[in-house]
Number of protein chains: 2
Amino acid sequence: MQCERIDRETLYRGRVVDVWRDTVRIRADGESRESRYDVVHHPGASAVVPLFSDGTVALIHQYRYPVGDTIWEIPAGTLDGGESYEACAARELEEEAGCRAGRWTHLTTFYTTPGFCDEELRVFLAEDLTECQPANEEDEHLEVVRVPIGDALAWAASGKIRDAKTLLGLFAARDYLAGAGGWR
Amino acid sequence: MQCERIDRETLYRGRVVDVWRDTVRIRADGESRESRYDVVHHPGASAVVPLFSDGTVALIHQYRYPVGDTIWEIPAGTLDGGESYEACAARELEEEAGCRAGRWTHLTTFYTTPGFCDEELRVFLAEDLTECQPANEEDEHLEVVRVPIGDALAWAASGKIRDAKTLLGLFAARDYLAGAGGWR
């Protein structure tokens, strides 16, 4: 199957995502036809598992309006302008958790919701951490809590942590630390 | 922090998601103010790890226009009308993988992208499988492949599988089968 975009209309522009309506020519099984796909466009995001030398990780406890819930997450955010995934991870770690890292390891990359959205998310392990002044954005009501990584994994298993990137980041970190070499 | 919605405007209506613009009264730290939040509304989704008695899982290889890629996923789909998560899982298993299950186990529930979207996704393990006629929707170019679960886990670790729900479903199934009792 081949897909060639022949038109794009922007139906919605938001602060984080846009919605595109693409007209596409599809070639499959020797036939050609036109179709339309709506796509939620996201610039991409980075997330960080901040692992301190005492075996704790920094988790963010914050209210998320879309889900109407205060939830546990690892520090994360959307790529800003032409920013790289690595720069975004370092910025979010500093802004949300008030830390800088001396050592970065890529843990995993995934599509969050490939059925309707193009978001790609990359998760990094941050080690050799030093604390600096957090630069929380005014709108973000968030609390930073240091939790032993074993407890965080138990929270993931029990359903106390319900955020996809946080679950994946913690389990990838667990496998990395167990010597499996992490995921790619 | 308390959030009370005082108005909702629908900015976009799509086949899978809508976009809402909510006007909200926020009470925090003894103060009250109005704010606006845009939310991508998704009805919710179910996904299934179909585990056969020979130790293989059924994976779907399908082209996903939003990410411009043919990717590996577990059977999954969006709740249809007032459908329950359990009914959706059974329907998608039949439609996409051509199977019915005699035994269902809830593995994990998570928010896919709580920063901008309200989607909640529940993953189930399906066992005691019998094959029936797949009822693929015409628009879905998908191929069903049976893979030993150990190979699927290796594909997850290597980056060959890059879909969040599939990674989480496979790792939750691994923990469940290892006797950890699964996640909740």
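## Fold of chain A

Going along the sequence, chain A runs β-β-β-β-β-β-β-α-β-β-β-α-α, which adds up to 3 helices and 10 strands (DSSP runs, H or I of at least four residues for helices and E of at least two for strands, numbered from the N terminus). This is a predicted model, where local features need pLDDT of at least 70 and side-chain atom pairs count only at pLDDT 80 or more, while totals for chains, interfaces and linings use all residues. Residues are numbered from 1 along each chain as its sequence is written, chains are lettered from A in the order in which they are written, and side-chain values use heavy atoms, with hydrogens and water left out.

The C-alpha atoms of chain A fit a box of roughly 60 × 40 × 30 Å along the principal axes. Of its 184 residues, 55% are buried (under 20% relative accessible area, 1.4 Å probe, protein chains only).

## Where B meets A

Chain B and chain A each put 56 residues into the contact (heavy atoms within 4.5 Å). About 4900 Å² is buried between them, 65% of it from carbon and sulfur atoms; that's the accessible area lost on putting the two parts together, summed over both, with a 1.4 Å probe.

There are 2 salt bridges between the chains (a Lys or Arg side-chain nitrogen within 4 Å of an Asp or Glu carboxyl oxygen). Asp175(B) pairs up with Arg174(A) in a salt bridge, with the closest N and O atoms 3.5 Å apart. On the side of chain B that touches chain A, the elements giving two or more residues include β1 (2-13), α2 (149-158) and α3 (164-180). The largest share there, 6 residues, comes from α3(B).

Definitions and conventions
Buried means under 20% relative accessible area, exposed over 50%, partly exposed in between (1.4 Å probe, protein chains only).
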